[in-house]
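Dear colleague,

Please find below the structure that I am handing over to you. A summary of what was found in it follows directly after.

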Amino acid sequence: MPFDHNDHYHPLLLRRIPEGPGRALDVGCGSGRFALRLAAHGLTVEAVDPSAAMIEAARVRPAAPRRPGPALAPLPPTAPLPAHAPPPPTAPPRVPLTREGAHLPAAVAAGPPPATPPPVFRVADITREPLRPGQYDVVTALASLHHVPFGPTLARLRGALAPGGVLVVLGCFRERAGADLLWNAAAVPYNALARAGARARERGRPAVAPSPPTVEPAATLAEVRRTVRRELPGAELRRLLLWRYLLVYRAPGRRSGPRPGPWPHSGGRDR
């Protein structure tokens, strides 16, 4: 498949999202690639897109491999028993267990990760979709919010977050002369290298999705920033190299149930 700037930033986005269990909403899911990665992250995912063709393509896309858990250390080799040694016991001796199982390796004590259902893909318009307050632990939107009224949609998604939930947006913006041209000078050669790497990785793999509908963004990055400050106080917004920005907002409060894990924070700037 051709190089996609959104797919390029999937690892960056996943580092800002806690692992499941939890409920996630992927807004403007397109062909479903990121929704499947959210499911592999241990989240129960609803994915919506206004395009019936994209939802049909998402439903036939193969699932992403589940994120591997910690590997167990191999058992040390045992020396053969001498001929005069007594036979080994028929059953291993019982080892007293603590209630917490602290003497066991972490992966054994925790057991296998619970199975996560595949995403539910639906044709829906996020500006009209009923959203209950506190409905989702994670909400994501990749290159989709410039298709809808930006400020009102941010407010709706903020209201749908559970206490302690996270909203992660990979957004597009309209470029302006000046500083944007300097960023482009750095982005163009990096983009060429990234495209070459993507072609090498995807060689021989069939395309599995049609191209999504595209709309040119109307808001500049400065206008996006002003809207975010108004609708999402305390949110993080930073510019990325390949004509995108990253927006991360965490709702006040704490989760009512067990936390799904640490909130990873990727330090530094886009590279």
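**Strand S1 and its neighbours**

In this predicted model, strand S1, helix H3 (residues 33–40) and strand S2 together form a right-handed β-α-β unit. Strand S1 spans residues 23–27, and S2 covers residues 44–49. The two strands are parallel and are paired through five bridges. S1 is also joined to strand S4 (136–142), again in the parallel sense, by four bridges. Ala24 has a partner in each of these pairings: Val45 in S2 lies opposite Ala24, and so does Val138 in S4. S1 is mostly covered, as four of its five residues are buried.

**Helix H6**

Helix H6 runs from residue 150 to residue 159, and its buried residues are Phe150, Gly151, Thr153, Leu154 and Leu157. Viewed down the helix axis, these residues lie within an arc of 165°, so they line one face of H6. The elements covering them include strands S1, S4, S5 (161–171) and S7 (245–250), together with helix H8 (221–231).

One of the buried residues of H6, Thr153, may also be considered together with Arg128. The latter belongs to the loop between strand S3 (120–123) and S4. Arg128 and Thr153 are 25 residues apart along the chain, and their C-alpha atoms are separated by 9.9 Å. Arg128 is exposed, because its relative accessibility of 70% is over the 50% cut-off.

**Helix H8**

Which residues of H8 are buried? They are Leu221, Val224, Thr227, Val228 and Glu231. These residues cover an arc of only 120° around the axis, and therefore sit on the same side of H8. Arg226, Arg229 and Arg230 are exposed on the other side of the helix. The cover over the buried residues of H8 includes H6, strand S6 (236–239) and S7. H8 is likewise among the elements that cover the buried residues of H6, and S7 is listed in the cover of both helices.

**Cysteines**

How many disulfides does a search of the whole structure find? The search finds zero. Two cysteines may be noted in this connection. Cys29 has a relative accessible area of 8%, and Cys172 has a relative accessibility of 13%. Both residues count as buried, because these values are under the 20% cut-off.

Yours sincerely

Conventions
Residues are numbered from 1 along each chain as its sequence is written. This is a predicted model: local features need pLDDT of at least 70, side-chain atom pairs count only at pLDDT 80 or more; totals for chains, interfaces and linings use all residues. Side-chain values use heavy atoms; hydrogens and water are left out. Buried means under 20% relative accessible area, exposed over 50%, partly exposed in between (1.4 Å probe, protein chains only). The arc is that of the directions from the helix axis to the C-beta atoms. Contact means heavy atoms within 4.5 Å. A disulfide is a pair of cysteine sulfur atoms within 2.5 Å. Two strands pair if DSSP finds at least two bridges between them. A crossover is right-handed if, with the strands pointing away from the viewer, the path from the first strand over the helix to the second runs clockwise.
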